[in-house]
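Grab a pencil and work through a few exercises on the structure below. Each one has a task and then a solution in steps.

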Amino acid sequence: MQSQEYRPTDKRIKCEVLVVGAGPAGMMAGISAARRGSNVIIIEQKDIPGKKIYATGNGRCNFTNQYYDSRVFRGEDPQFGYDAYKRFDKDALMGFMRELGVTCRDINGYIYPYNEQARSVANALLYECKRLGVDIRCSQKALDITQEKDNKINNDGGFLVTTDKEVYSCEKIIIAAGGKASPTHGSDGNLNKVIRKLGHEIILQDPALVPLRFADSSLSLLAGVRCKCRTVLVIDGSETDNESGEIIFNNDNISGIPIMQMSRYAVRALSRGSKVWLELDLVPDMGDADLKGFLETSVEKRLGIFEALGLVVNDKIAKYICDRIKDTDELIHFLKHFKVEIIGDCGFNKAQVTAGGVNVSQITKDMESKIIRRLFFAGEILDIDGTCGGYNLQWAFTSGYLAGMAASVKQ
Ligand SMILES: Cc1cc2nc3c(=O)[nH]c(=O)nc-3n(C[C@H](O)[C@H](O)[C@H](O)COP(=O)(O)OP(=O)(O)OC[C@H]3O[C@@H](n4cnc5c(N)ncnc54)[C@H](O)[C@@H]3O)c2cc1C
């Protein structure tokens, strides 16, 4: 029996701007290019556009934040992200959303769509693409990108893009295929080889905003415990970062916003072969002396040490400590400096974002390649990642906007 495999046809579909990936960066790039009159096609390998958007912010889509400083973007050159942000910032993004009918809700500085439903952001982008005639072609995977004219002298040609269904010929291309985080939503680094072939360096990609796995299997006894603590990240004996907030113990890992925020540095350090520890202050609101006084008074009142501990920490933690330590000073030291050795992360499947990506030193401020003219990048595929709080979507929208604007300039 003959194979039914679909083969690319020889017929080339032409457009001015071709975008690979219909995530937030790709759709924004398509919108900003089409608003300036470009004829745009977006290729998306998944069956629907913007699949990841639905999962963001626990389905609520935290797309930006009221607070910005130079620490919210990370990468080899975080300033690149911040400089771009200044050209399309939170106010510009909120204005853009309002224009599309998405009113914003501010929850402690974190910005969501007013109805707190991610689908309204995905739909708004999709409707705007439709209104502008942006042709989004789903269930189609870009496999290869070549320069149409191999004119090394003035680099003047367009591009040929081969997908598993068609061959496209375009004047400009914007690669917005995401990083490697959460591959079920479509981003898995499948274009890395092609990008390297085009002459671009890809900085090592690691999971970021990801739970961290601990070495000591006895900590699985604490699975399910949530506690508010101060967490210090210690790399090769030196305090590197600290965060406060709720952490969650799971069977073989710790999660929670403070852990996610610091995970990038922990994962990078483990890749380098460093020793990584988390030091938890489980009773951050009391100093050592106050805590000692409190425990001694409670014991004097004939509370057992387990009951006394249970007044300041979760019962499972109290039991874990009582089973191991009897001396009060040791016990206080344990509560204030609970050391957890970290041996890994929970991988790209559980990560919200990717650290690393296309080296931004090879990219102009308009997101254009410095190596090949008319080739642009946008979003998580670049070596910029943000902390929790809406900064990754802001980056996707900012870089998508700038790439689309620049790609639509007629040459
Ligand atoms: C669970 C979860 C929650 C999150 N919550 C938030 C949040 O609340 N706030 C926030 O700021 N950030 C959040 N993020 C991060 C944020 O979603 C991403 O940083 C952002 O979506 C990146 O946008 P992007 O367009 O660059 O890439 P993506 O959204 O990954 O989109 C890339 C697209 O390219 C497509 N693609 C890839 N390769 C090909 C190919 N060869 N051919 C055709 N198409 C291709 C993919 O299918 C995908 O649709 C979250 C992430 C996850 C996983």
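**Exercise 1. Work out what share of the protein's residues count as buried, then get a feel for its overall make-up.**

Step 1: of the 411 residues of the protein, 44% count as buried. Here a residue is buried if 20 or more other C-beta atoms lie within 10 Å of its own, exposed if 12 or fewer, and partly exposed in between, with C-beta atoms placed from the backbone. Keep in mind that this is a predicted model: local features need pLDDT of at least 70, side-chain atom pairs count only at pLDDT 80 or more, and totals for chains, interfaces and linings use all residues. Residues are numbered from 1 along each chain as its sequence is written.

Step 2: count the elements. The protein has twelve helices and 20 strands; these are DSSP runs numbered from the N terminus (helices are H or I, at least four residues; strands are E, at least two).

Step 3: check the dimensions. Along the principal axes, the C-alpha atoms fill a box of roughly 85 × 50 × 45 Å.

**Exercise 2. Find which residues of helix 2 are buried, and what they pack against.**

Step 1: helix 2 covers residues 78-87, and Gly 81, Ala 84 and Tyr 85 are buried there.

Step 2: look down the axis. The buried residues fall within an arc of 105°, so they line one face of helix 2; the arc is that of the directions from the helix axis to the C-beta atoms. The background is that an α-helix has 3.6 residues a turn, so residues three or four places apart point the same way.

Step 3: flip to the face turned away from the buried side, which carries the exposed residues Gln 79, Asp 83 and Lys 86.

Step 4: the buried residues of helix 2 pack against strand 4 (73-74) and helix 12 (391-407). Contact means that the C-beta atoms of two residues, placed from the backbone, lie within 7 Å.

**Exercise 3. Describe how helix 1 and helix 4 cross.**

Step 1: the axes of helix 1 (residues 24-35) and helix 4 (residues 118-132) come within 10 Å and cross at roughly 30°. Axes are lines fitted to C-alpha atoms, for helices over the stretch in contact, and angles run from 0 to 180 degrees between N-to-C directions.

Step 2: helix 1 and helix 4 are therefore roughly parallel to each other (angles under 35 degrees count as roughly parallel, over 145 as roughly antiparallel, 65 to 115 as roughly perpendicular and the rest as oblique).

Step 3: list the partners. Met 27, Gly 30, Ile 31, Ala 34 and Arg 35 of helix 1 meet Leu 125, Glu 128, Cys 129 and Leu 132 of helix 4.

**Exercise 4. Now do the angle and the contact residues for helix 7 and helix 10.**

Step 1: helix 7 (residues 288-300) and helix 10 (residues 328-336) pack at about 125°, with axes 10 Å apart. Helix 7 and helix 10 are therefore oblique to each other.

Step 2: the contact uses Asp 288, Leu 291, Lys 292 and Leu 295 from helix 7, along with Thr 328, Ile 332, Leu 335 and Lys 336 from helix 10.

**Exercise 5. Is Cys 61 buried or exposed, and where does it sit?**

Step 1: Cys 61 is in the loop between strand 2 (40-43) and strand 3 (64-65).

Step 2: Cys 61 is buried, with 24 other C-beta atoms within 10 Å.

Step 3: check the backbone. Phi of Cys 61 is near 60°, a positive value in a residue other than glycine.
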